[in-house]
Amino acid sequence: MNGFLSVFCGLHRIYIKGNTNIFKTITIKLSILLMMFMCFVSVTSVNAASNEVTVRLDGTNLQFDVPPQVINNRVMIPMRVIFEALNATVKWDDATLSITALSKNGDVVKLSIGNEYIYKNDRKVTIDSPPVSINGRTLVPVRVIAESLGRAVSYRSDSRTVIIEPVDTSKEDNLIEDTSINTSINTSINTTTPVPTEEAAYEKMIALKEQYPEGMAWTNGNVYAWNGGIYSRGYGCVGFAFILSDAAFGNLPARKHTDFNNIQVGDIVRINNDTHSVIILSTDDTNVTLAEGNYNSSIHWGRMFTLEHIKAVGDYIITRYPE
């Protein structure tokens, strides 16, 4: 039995004469192919939406003309948007493909396309995702830039959202300058402590984990006087760092330095524009593991930073190892 199959070609309808059964078969196959195509388009659209990254600053989503990209597991965003959102003046140099940003508190951040380092106030910091140019826009690593300008950054993997917010002042601590060292408060410390190995320093510190367990409340109300000099006592997170430091180093004198390529077990690192202290439990070629007090108002053991990250947020190191 013959019939006509009606199909569209562009804006025109075409009638094809032929066997009706064949037409039915063709129609069914075309319907299946159409449904498969629609499903593919739908899934593709959902996947594209699910891969989008949102960047939220102080509760407001930032808007971009070039969407954020994930490169080397780092979220990259247009440089002018992030700098200007953080109230920094930004300049672009066509000749050197470089960026210079000046924050409202005087910090200077410099970086350039393809270079795996930035300069913060003339201190060189290595990064693992250098700035790139995409569709005429320069993209920069959002965490490095925001933290270099004194902001806290977190990432919510469930919603693929980068959160930029002020540093929590409840995490800040106070360092009291040492004008007349008084070690009588800590009479249990051995005053003839030899310089420990890094392994011995770790064992001394980790032995205190039972006395100061994970999640134990620890705030600026906690104060400790230490034996290292420079400072006579510390409150909050630096107080906890001083406790672990004295356990490992006794009364060995402390000194400051900024050689972030020479971080050792037991070193105290001041981070986030000199507002928070962490102490190093272990280190390798790529990461450091920390202990800290007054992080979310409590004690924590085992938070990990990459070396690149701690270089980006670090201000200086307090060590008890001799030069």
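These notebook entries record what I looked up in a predicted model of one protein.

**Entry 1: confidence**

I began with the pLDDT values. The protein has a mean pLDDT of 78, and 76% of its residues reach 70 or more. I then asked which helix has the lowest confidence and which the highest. Confidence is lowest in H1, with a mean of 48, and highest in helix H4, residues 198-206, with a mean of 94. Over residues 7-15 I found pLDDT below 50; this stretch has 12 contacts in the model beyond near neighbours in sequence. I noted a further stretch, residues 178-191, where pLDDT stays under 50. For residues 178-191 the model has 19 contacts beyond four places in sequence.

**Entry 2: the largest pocket**

I next looked up the largest pocket, which holds about 840 Å³ of space. I counted 38 residues in its lining. Nearest its centre lie Arg143, Glu147, Val153, Ser154 and His309. The elements that give two or more residues to this lining are strands E6 (74-78), E14 (151-156), E15 (161-166) and E23 (298-306), together with helices H3 (142-148) and H6 (307-313). Which element gives the most to the lining? I found that E14 does, with five residues. Sorted by class, the lining has 19 nonpolar, 11 charged and eight polar residues.

**Entry 3: Thr161**

From the pocket elements I turned to Thr161, which lies in strand E15. Is Thr161 buried or exposed? Its relative accessible area is 4%, so I entered Thr161 as buried, the cut-off for that class being under 20%. The side chains of Thr161 and Ser159 are joined by a polar contact of 2.9 Å. Leaving out residues up to four places away in sequence, Thr161 touches Thr54, Arg56, Ser154, Tyr155 and Arg156. Of these partners, I had already listed Ser154 among the residues nearest the centre of the largest pocket.

**Entry 4: Val53**

My last residue was Val53, in the loop between helix H1 (20-50) and strand E3 (54-57). Val53 counts as buried because its relative accessibility is 9%. What does Val53 touch, residues up to four places away in sequence not being counted? I recorded Pro68, Val70, Val75, Arg160 and Val162. I also looked up the C-alpha separation of Val53 and Pro67, which is 7.9 Å; these two residues are 14 residues apart along the chain.

How values were computed. Residues are numbered from 1 along each chain as its sequence is written. This is a predicted model: local features need pLDDT of at least 70, side-chain atom pairs count only at pLDDT 80 or more; totals for chains, interfaces and linings use all residues. Side-chain values use heavy atoms; hydrogens and water are left out. On a 1 Å grid over the protein atoms alone, a cavity is a set of points where a 1.4 Å probe fits but cannot get out, and a pocket is an open set with protein on both sides within 12 Å along at least five of seven lines; lining residues have an atom within 4 Å of a point. Grid points are joined across faces, edges and corners, and a volume is the space filled by probe spheres set on the points. Helices (H or I, at least four residues) and strands (E, at least two) are DSSP runs, numbered from the N terminus. Ala, Val, Leu, Ile, Met, Phe, Trp, Tyr, Cys and Pro count as nonpolar, Asp, Glu, Lys and Arg as charged, and the others, Gly among them, as polar. Buried means under 20% relative accessible area, exposed over 50%, partly exposed in between (1.4 Å probe, protein chains only). Contact means heavy atoms within 4.5 Å. A polar contact is a pair of N or O atoms within 3.5 Å; within protein, one must be able to donate a hydrogen and the other to accept it, and residues adjacent in sequence count only if both atoms are side-chain atoms. pLDDT is the predictor's confidence in each residue, from 0 to 100.
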